[in-house]
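This report describes the fold, the nonpolar core and the charged side-chain pairs of the chain shown below. The description proceeds from the burial of individual residues to the overall arrangement.

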Amino acid sequence: MSFPYTPRLSEEKIESLQTQHEYLNILRLRHLQWMNTADNAESERIHREITEHIEQITDRYKHLLDVLEQQRVIDEPVR
């Protein structure tokens, strides 16, 4: 079952992706903090890897948000 595309649905999608992006950034910052206070090299390495993966994901989110925003501007009706 599919739903018809509406501008409101697009806005909700963008808002949801922005919220997820912000949450992931907070999670990344938390892992950076834990990495800097790790008690051993293995824990520090794992936190660094997680931080790098989250950063890659947030970069993709940012790119997606930019593309969606550009599309929204193109699709806006001229008044």
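A residue is termed buried when its relative accessible area is under 20%, exposed when that area is over 50%, and partly exposed in between. By this criterion E44, with a relative accessible area of 30%, is partly exposed. The model discussed here is predicted.

**Overall architecture**

The secondary structure of the chain consists of two helices and zero strands. Of its 79 residues, 18% count as buried. The accessible surface comes to about 6600 Å², and carbon and sulfur atoms contribute 55% of that area. Among contacts in the chain with a separation of 6 or more, 68% involve residues 24 or more positions apart.

Helix α2 contains 35 residues and reaches 51 Å from its first C-alpha to its last, close to the 51 Å expected at 1.5 Å a residue. The N-terminal end of α2 is capped by N40, a side-chain oxygen of which lies 3.2 Å from the backbone nitrogen of E42.

**The nonpolar core**

Which residues make up the largest nonpolar core? This core has seven residues, namely I14, L17, L24, I54, Y61, L65 and L68. The elements that give two or more residues to it are α1 (7–36) and α2 (41–75). The largest share, four residues, comes from α2.

Leaving aside residues up to four places away in sequence, L17 touches Y61, L64, L65 and L68. Within α2, the buried residues are H47, T51, I54, T58, Y61, L65 and L68.

**Salt bridges**

How many salt bridges does a search of the whole structure find? The search finds seven. R8, E11 and E12 are linked in a network of such bridges. Three pairs from α2 are set out in the following table.

| Pair | Closest N to O distance |
|---|---|
| R48 and E44 | 3.0 Å |
| R45 and E49 | 2.3 Å |
| E69 and R72 | 2.5 Å |

The spacing of these partners along the helix can be considered pair by pair. R48 and E44 both lie in α2 and are four residues apart, about one turn of the helix. R45 and E49 are separated by about one helical turn, because they are four residues apart in α2. E69 and R72 also lie in α2, and their separation of three residues is likewise about one turn of the helix. An α-helix has 3.6 residues a turn, so residues three or four places apart point the same way.

Are the members of these pairs buried, exposed or partly exposed? In the first pair, R48 has a relative accessible area of 35% and is therefore partly exposed, and E44, at 30%, is partly exposed as well. In the second pair, R45 counts as partly exposed at 33% relative accessibility, as does E49 at 34%. In the third pair, E69 is partly exposed with a relative accessible area of 31%, and R72 is partly exposed with 28%.

**Summary**

In this predicted model, two helices and zero strands form the secondary structure. The largest nonpolar core draws two or more residues from each of α1 and α2. Helix α2 also holds the salt-bridged pairs R48 and E44, R45 and E49, and E69 and R72.

Note on methods: Residues are numbered from 1 along each chain as its sequence is written. This is a predicted model: local features need pLDDT of at least 70, side-chain atom pairs count only at pLDDT 80 or more; totals for chains, interfaces and linings use all residues. Side-chain values use heavy atoms; hydrogens and water are left out. A nonpolar core is a set of buried Ala, Val, Leu, Ile, Met, Phe, Trp, Tyr and Cys residues joined through side-chain atoms within 4.5 Å. Buried means under 20% relative accessible area, exposed over 50%, partly exposed in between (1.4 Å probe, protein chains only). Contact means heavy atoms within 4.5 Å. A salt bridge is a side-chain nitrogen of Lys or Arg within 4 Å of a carboxyl oxygen of Asp or Glu. Accessible areas come from the Shrake-Rupley method with a 1.4 Å probe; for residues, only the protein chains shown count as cover. The expected span of a helix is 1.5 Å times one less than its number of residues. A polar contact is a pair of N or O atoms within 3.5 Å; within protein, one must be able to donate a hydrogen and the other to accept it, and residues adjacent in sequence count only if both atoms are side-chain atoms.
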